[in-house]
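Visitor: I should like to go through the terms applied to this structure one by one. Please set each value against its definition.

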Amino acid sequence: QVQLVESGGGLVQPGGSLRLSCAVSGFTFSLYAMSWSRQAPGKERELVAGISSNGGSTNYADSVKGRYTITRDNAKNTVYLQMKSLKPEDTALYYCNASLGVSAQKLEYWGQGTQVTVSS
């Protein structure tokens, strides 16, 4: 059974930091690119960070660049999202995603999400 379980969300004050974790099982984690996306009520889902299967490449949305860092530990089957200098607009449900391949051959899995709320 494929599982992606996010954790680490919560309430944090503006300017604070938080680290999200996504523990995966049921597939070969080291073969998959991983990403974090977020969705706030009434807004479109936004891809915020991605990392290649071996961790050699990362990418970030402009809105979080310089504040968020995505990392992975293939030995632990876990991907992380370190968030700093948090802003109220970072408030959203954050999802972990795993992907392999492209187009018709692509495999993709999603977690259930973890809530991040930035408020004073």
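Guide: Let us begin with burial: a residue is buried under 20% relative accessible area, exposed over 50% and partly exposed in between, with a 1.4 Å probe and protein chains only. The model is predicted, so local features need pLDDT of at least 70 and side-chain atom pairs count only at pLDDT 80 or more, while totals for chains, interfaces and linings use all residues. Residues are numbered from 1 along each chain as its sequence is written, and side-chain values use heavy atoms, with hydrogens and water left out.

Visitor: What makes strand β4 mostly covered?

Guide: Strands are DSSP runs of E with at least two residues, numbered from the N terminus. Strand β4 covers residues 33-39, and five of its seven residues are buried.

Visitor: Why is the link of cysteine 22 and cysteine 96 called a disulfide?

Guide: The term requires a pair of cysteine sulfur atoms within 2.5 Å. In this pair the S to S distance is 2.1 Å, so the definition is met. The count by this rule is one disulfide. Cysteine 22 lies in strand β3 (residues 18-25) and cysteine 96 in strand β9 (residues 92-100), 74 residues apart. Both cysteine 22 and cysteine 96 are buried.

Visitor: What makes the link of cysteine 22 and cysteine 96 left-handed?

Guide: The angle about the S-S bond is -85 degrees.

Visitor: How do you know that β4 and β9 pair?

Guide: Two strands pair if DSSP finds at least two bridges between them. β4 and β9 have seven bridges, in the antiparallel sense, so they qualify. Through one of these bridges, tryptophan 36 has cysteine 96 as its partner in β9. β4 also pairs with strand β5 (residues 46-51), antiparallel over five bridges. Six residues lie between β4 and β5 in their hairpin, and glycine 42 in the turn has a positive phi of about 75 degrees.

Visitor: Why are β1 and β7 said to stand at the edges?

Guide: The open sheet has the order β1-β3-β8-β7, with antiparallel pairing. β1 (3-7) and β7 (68-73) each have a single partner strand, so one side of each is left without a neighbour in the sheet. β7 pairs with strand β8 (residues 78-83) over six bridges, and arginine 72 stands opposite valine 79 in β8.

Visitor: How do you know that arginine 72 lies over the face of phenylalanine 29?

Guide: A charge sits over a ring if NZ of Lys or CZ of Arg is within 6 Å of the ring centre and within 35 degrees of the ring normal. Arginine 72 lies at 4.3 Å from the ring centre of phenylalanine 29, so the distance condition is satisfied.

How values were computed. Helices (H or I, at least four residues) and strands (E, at least two) are DSSP runs, numbered from the N terminus.
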